[in-house]
Amino acid sequence: MKFDRVGETGPGTRMKNAGHNRPRLVLDSVEKRFARPDGEIVTALSDVSMSVEAHTFVALIGPSGCGKTTVLRIANGLIQPDNGAVTIAGSAPKPGPETGFVFQEFRLIPWATVQANVEFALEVLPLSRAERAERARSYLDLVGLSRSAQSYPGQLSGGMKQRVALARALASEPEILLMDEPFANLDAQTRELMQSELLHIWMRHKPTVLFVTHSVDEALLLADRIVLMGTGRVLETFDVDIERPRNLEATRSDARFIAMRDDLWARIRDLVLSDPQSEFYGRNLGG
Amino acid sequence: MPRVTPRQRKNTAMADNRLPSAAPGALTVAAARTGFLALLVLLWWVASVNVARNIIPSPLATLEAAGRLLHAGDLQQAVLDSISVYLSGYGVAILVAIPLGVVMGAFNLLGKTLEIYVYALSATPRVAFIPLIIVLLGLGAEAKVFIVFLGAVMPILINTYAGVRQADPELVEMARSVGAGRLRIFTRIVLPGAVPYVIVGLRLGATIGLINTVVAELYTAVRGLGGLLAVYGNTFRMAEYFVVVLSLATIGVIVTEGLRYAEQRLGRWRT
């Protein structure tokens, strides 16, 4: 395992030696504050710098409320940072086909068919009606749902709904895929199958992914690099030196996997126990 | 033991989610409803025999009265009058309420400004306006149509407004994330999401509109089914009176069932 100290590999240095593997997403000293309904200002991100290179799978982990989802929303362009710079493939992010967002709650349009749900994300692209339909069909085929194209989301299981959402995000052929705890709403068995599915799709298409998760195991299984966040800051970055193709059984019993998992878990536990905001603050839960 | 196919098992599981007992088939429901109708007619007949016959007419006497009214053409004329008042008032209410509700929902300040007045007006018994309406519009068709309009417009407006306001924020954010502009979000996410609310408003408006049709016909120039109601009620021609009441009930059922059918057609995605 390789440890990158915070700030040592800033995005600025990476930009300079940008060769064929130029970063797709760069956050440079990003700061974001929100006003709560009662008027109090909350700092969601205080100083976040990170980058995601092309065809790299980066997982963002950390305790609840540390700002992981805010990073995704800034990367998509849904919200603007108060300070610092963000770029997707060199330019400021704006919501649209350059990014593909997969939400935890699927967020499918319930009155539209599966096919129409995928096509919805393609409407801003300069495609003809037929091209759009064809594109949607091919990505539904990729996630194994070509036979459910005319179904409505209400007729699908949770795993199938998330496949549709994944097809919708992939179909615009985005620079980067932003995934916000996409498997958190699925039962344990479906979650593992979807992780395998994602590993499989990643091997075929090698998309650039920024993946937010609570699960250390999921991060280690899927990612090339893990970014550990705590209360609005990037704390540490870990490279996951486990070769691909990976699979659930072999990778999870790999000695490196187990060592990294124990180490990461210990760090997250320490983070939570030392956070005065946390409900577990000061509890003696040492393992 | 009968084999359970996967399809059947799925249906049973779905029914179990909704009700503790299995959902009956359509034919069973139709048979049960017909049986209940027979029971009602029987009770009606028993009541007509035991209460004085000139207060509650027997089913047969009512049927004969219906025949007489149809033969003379009175009933058809009254139904035609009432329905034209009803549909005009209800139609105008739809044409005003849905666009206004959509615009109020789309523009926050406009909605917030107007909603308090809309709620106040809808809480006022609309019958209170009838003397004013008669003074302004007279006793003719305009006054009647306006009374129906006034009753039907509020539930449609309030429900349309609520439906547009209660758009799913998660779906709206999803649409934003794929680059949809404000107009596309409004037409593709917000408006379709409001349809179930609009239909509830249409159903409530249809019911209130029918009530107001009769009220209008009783209070203004005595015409239509409401007019017949007044004439036969005041002259104790109870068999004819019953025919009118049943005609009104039939119109109510046809309208609300029609809207229910429309709701089902529009909501096919709800499984």
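Start by selecting Arg107(A) and Glu173(B): in this predicted model the two form a salt bridge, with their closest N and O atoms 2.6 Å apart. It's a handy place to begin, since you now have one residue from each chain on screen. In all, the count of salt bridges between chain A and chain B is 4. Keep Arg107(A) highlighted, as the tour comes back to that residue shortly.

**The contact between the chains**

Now widen the selection to everything that touches across the two chains. You should pick up 22 residues from chain A and 17 residues from chain B. Together the chains bury about 2000 Å² between them, and 61% of that is on carbon and sulfur atoms. Which three residues supply the most of what chain A buries against chain B? Add Trp111(A) and Phe120(A) to Arg107(A): this trio supplies 38% of the area, more than any other three residues.

Try turning on polar contacts next. Across the interface there are 8 residue pairs in polar contact, both partners being at pLDDT 80 or more. If you colour the chain A side by residue class, you'll find 13 nonpolar, 4 polar and 5 charged residues touching chain B.

**A small stop: the cavity**

How many cavities of 30 Å³ or more are there? The count comes to 1, and about 60 Å³ of space lies inside that largest cavity. To see its walls, select Gly96(A), Pro97(A), Thr99(A), Gly100(A), Phe101(A), Ala121(A), Arg168(A), Ala169(A) and Ser172(A), then add Ser177(B) and Val178(B) from the other chain. Two elements of chain A each give two or more residues to this lining: strand 6 (99-102) and helix 5 (158-171). Strand 6 gives the most, with 3 residues. By class, the cavity lining has 5 nonpolar, 5 polar and 1 charged residues.

**The largest pocket**

Move along to the largest pocket, which holds about 730 Å³ of space. Zoom in on Pro63(A), Ser64(A), Gly65(A), Cys66(A) and Asp275(A), the closest to the pocket's centre among the 31 residues that line it. Then show strand 3 (41-53), helix 2 (68-76), strand 10 (233-239) and helix 9 (255-273) of chain A, the elements that give two or more residues to the lining. Colour by class again and you get 11 nonpolar, 14 polar and 6 charged residues.

**Over to chain B**

The second largest pocket has about 510 Å³ of space. Select Gly105(B), Ala106(B), Arg182(B), Phe186(B) and Val190(B): of the 18 lining residues, these lie nearest the centre. The elements to display here are helix 4 (74-106), helix 7 (141-165), helix 8 (169-177) and helix 9 (182-219) of chain B, each giving two or more residues. Which element of chain B supplies the largest share of the lining? That's helix 9, with 5 residues. The class split for this pocket is 11 nonpolar, 3 polar and 4 charged.

**Two backbone oddities**

Before you look at the last two stops, a bit of background: most residues other than glycine have a negative phi, and most peptide bonds are trans.

Go to Phe106(A), in the loop between strand 6 and helix 3 (114-120) of chain A. Phi of Phe106(A) is near 70°, a positive value in a residue other than glycine. You've met strand 6 already, as a contributor to the cavity lining.

Finally, is the peptide bond from Arg244(A) to Pro245(A) cis or trans? Show the backbone and check: the bond is cis, with omega near -5°. Pro245(A) is found in the loop between strand 10 and helix 8 (248-252) of chain A, and strand 10 is one of the elements you displayed around the largest pocket.

Terms used: Residues are numbered from 1 along each chain as its sequence is written. Chains are lettered from A and ligands numbered from 1 in the order in which they are written. This is a predicted model: local features need pLDDT of at least 70, side-chain atom pairs count only at pLDDT 80 or more; totals for chains, interfaces and linings use all residues. Side-chain values use heavy atoms; hydrogens and water are left out. Contact means heavy atoms within 4.5 Å. Buried area is the accessible area (1.4 Å probe) that two parts lose on being put together, summed over both. A salt bridge is a side-chain nitrogen of Lys or Arg within 4 Å of a carboxyl oxygen of Asp or Glu. A polar contact is a pair of N or O atoms within 3.5 Å; within protein, one must be able to donate a hydrogen and the other to accept it, and residues adjacent in sequence count only if both atoms are side-chain atoms. Ala, Val, Leu, Ile, Met, Phe, Trp, Tyr, Cys and Pro count as nonpolar, Asp, Glu, Lys and Arg as charged, and the others, Gly among them, as polar. On a 1 Å grid over the protein atoms alone, a cavity is a set of points where a 1.4 Å probe fits but cannot get out, and a pocket is an open set with protein on both sides within 12 Å along at least five of seven lines; lining residues have an atom within 4 Å of a point. Grid points are joined across faces, edges and corners, and a volume is the space filled by probe spheres set on the points. Helices (H or I, at least four residues) and strands (E, at least two) are DSSP runs, numbered from the N terminus.
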